Amino acid sequence: MAMGAATSPCKILSATQRASPAAPSASTSRESVCLLRAPRGRRQRPRGLALSLAPARRPFVFSPLAVSDSKSSQTCLDPDASTSVLGIILGGGAGTRLYPLTKKRAKPAVPLGANYRLIDIPVSNCLNSNISKIYVLTQFNSASLNRHLSRAYGSNIGGYKNEGFVEVLAAQQSPDNPNWFQGTADAVRQYLWLFEEHNVMEYLILAGDHLYRMDYEKFIQAHRETDADITVAALPMDEERATAFGLMKIDEEGRIVEFAEKPKGEQLKAMMVDTTILGLDDVRAKEMPYIASMGIYVISKHVMLQLLRDQFPGANDFGSEVIPGATSTGMRVQAYLYDGYWEDIGTIEAFYNANLGITKKPIPDFSFYDRSAPIYTQPRHLPPSKVLDADVTDSVIGEGCVIKNCKIHHSVVGLRSCISEGAIIEDTLLMGADYYETEADKKLLADKGGIPIGIGKNSHIRRAIIDKNARIGDNVKIINVDNVQEAARETDGYFIKSGIVTVIKDALLPSGTVI
């Protein structure tokens, strides 16, 4: 079986935390809100929630449901999502802000959380939401992404009827269009001929570089209940964060009436909305008076064809062109509130914080330990990690690691990592390795004065990202001695962005190096 729910990385807690009972994860402590139609003949208003009536439409109730990663609240999609929804995951652009992590791989293929890759998040959300027809559109450095998807989801995904798939669609030239993907909407447009062949009701448009857990069936149900043409997933925001996002304004029915890209000052205040309309309670509505687009959309099939072919044939982007354009032409564009952890991993700093966030105590920012909605990945059949006389606290350890007599604190250690005696790893993300070196390989390297993959003896690494297959010699110090915020030292094997040192994949740092 090619696809499996990966065993979550081993989480190491501090001595004080070992004695306390396990706390629920953040991803299971917040509410996700969607729309439910009240049963016919018994339309009762939930206590404390407002009833909104749309002119000439069926009455419906705004009701907060269970958390987004819980199966306790059942949806009632008819027809079923597995037959009526096509998932389309956008691989993103060149990922220049994530460079050098994207030097040899596409952004969705960047390793995450010791055992996973970013693409595993939207694919797993789809599978957990009963959406098994999934395309991944990609354009840059797609070899490792293709390899991972084929190994992780290549067979058995569709069951005995073989109806499900996860398939990569690369940018290509054609007689009709000699250009590469020009943006999110253009990427979908270039493959519209293929998507049109599927007998579905809606297209679910997702990004390949977001970290969150979401039940898309509730999202789709909200779309159908409101008779929407397009439904946009929205995140509640406070004023401090709102200036960094594209904001939306809604009417009393949750219909989007205005967009503003990263507004400030009076323009920002003009985008305030009553988020109780979407299901937040009064207290949180006052704390979060703005809603930001998550870049996740449900679009009815006929609407997608009409928008991309007829109304906006030259539009390249969904968020800035197609969706606002649909609103301006009178289409029903609804907001769907997602009130849970969500992170756009678009920069080195965001990527670093998202990874180390899974070590946070008592409640991590994002949990891989949800049995009702597991995160799947490639089954690698690696041995358990081996920890020999090491002091490991507040850290997550991936599969197949060998950790010897060292100190690791508040770090994420990726699969196949080898850490030698006397090393100190603090506030660091180690991505691990793609393969093991045999003892014979290491001896041959030593004879030639080479350095094996992993962290050498007595090396000290703090606030850094060490990409895969890096060779860190003995007595190396990666501690950003001069507190440099930005530096490009590609020939030396590293970059510094936002004060975080990133060692490039396959780089070699000789013994005694100091950064």
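This passage describes the overall fold statistics of a predicted model and then several of its helices and buried side chains.

The protein chain of this predicted model has 515 residues, of which 57% count as buried. Its secondary structure comprises 14 helices and 37 strands. Contacts within the chain often link distant parts of the sequence: among those between residues at least 6 apart, 68% join residues at least 24 apart. The mean pLDDT of the chain is 84, and a value of 70 or more is reached by 83% of the residues. Confidence is not uniform, however, since pLDDT stays under 50 over residues 15–73. For that stretch the model nevertheless has 118 contacts beyond four places in sequence.

The arrangement of two helices, H11 and H12, was examined next. Helix H11 spans residues 301–311 and helix H12 spans residues 318–328. Two packed helices are described by the angle between their axes and the distance between the axes. Here the axes come within 11 Å and cross at roughly 110°. This crossing makes H11 roughly perpendicular to H12, because angles of 65 to 115 degrees are assigned to that class. On the H11 side, the meeting residues are Met304, Leu307 and Leu308, and on the H12 side they are Phe318, Val322 and Ala326. By class, this contact has 6 nonpolar residues, with no polar and no charged ones. The spacing of several of these residues can be read against a general property of helices. An α-helix has 3.6 residues a turn, so residues three or four places apart point the same way.

The three H12 residues that meet H11 are Phe318, Val322 and Ala326, and the buried residues of H12 include each of these. Ile323, Gly325 and Thr327 are also among the buried residues of H12. At the start of this helix, a side-chain oxygen of Asp317 reaches to within 3.1 Å of the backbone nitrogen of Gly319. After the helix comes Gly330, which has a positive phi, near 95°.

The segment between H11 and H12 is also contacted from elsewhere in the chain, by Arg189. This residue belongs to helix H5, which covers residues 184–190. Arg189 has a relative accessibility of 17% and therefore counts as buried, the cut-off being under 20%. Beyond its neighbours within four places in sequence, Arg189 is in contact with Leu308, Phe312, Pro313, Gly314 and Ala315. Leu308 is also one of the H11 residues that meet H12. A polar atom of the Arg189 side chain lies 2.8 Å from the backbone oxygen of Phe312. Arg189 and Gly314 are 125 residues apart along the chain, yet their C-alpha atoms are separated by 9.9 Å.

A further buried site is centred on His148, in helix H4 (residues 143–153). With a relative accessible area of 1%, His148 is buried. Its side chain makes a polar contact with the side chain of Gln378, at 3.4 Å. Not counting residues up to four places away in sequence, His148 touches Arg117, Ile119, Asp120, Thr377, Gln378 and Arg380.

One of these partners, Asp120, is also among the buried residues of helix H3. H3 covers residues 120–128 and is mostly covered, with 9 of its 9 residues buried. The buried residues include Ile121, Pro122, Val123 and Leu127, together with Ser124, Asn125, Cys126 and Asn128. H3 is followed by Asn130, for which phi is positive, near 70°.

Conventions. Residues numbered from 1 in each chain as written. Predicted model: local features only at pLDDT ≥ 70, side-chain atom pairs only at ≥ 80, totals over all residues. Heavy atoms only, no water. pLDDT = per-residue confidence, 0-100. Contact = heavy atoms within 4.5 Å. Axes fitted to C-alpha atoms, helices over the stretch in contact; angles between N-to-C directions. Helix = DSSP H or I, 4+ residues; strand = E, 2+ residues; numbered from the N terminus. Parallel < 35°, antiparallel > 145°, perpendicular 65-115°, else oblique. Nonpolar A, V, L, I, M, F, W, Y, C, P; charged D, E, K, R; others polar. Buried < 20%, exposed > 50% of the residue type's maximum accessible area, 1.4 Å probe, protein only. Polar contact = N/O pair within 3.5 Å; in protein donor to acceptor, adjacent residues only side chain to side chain.
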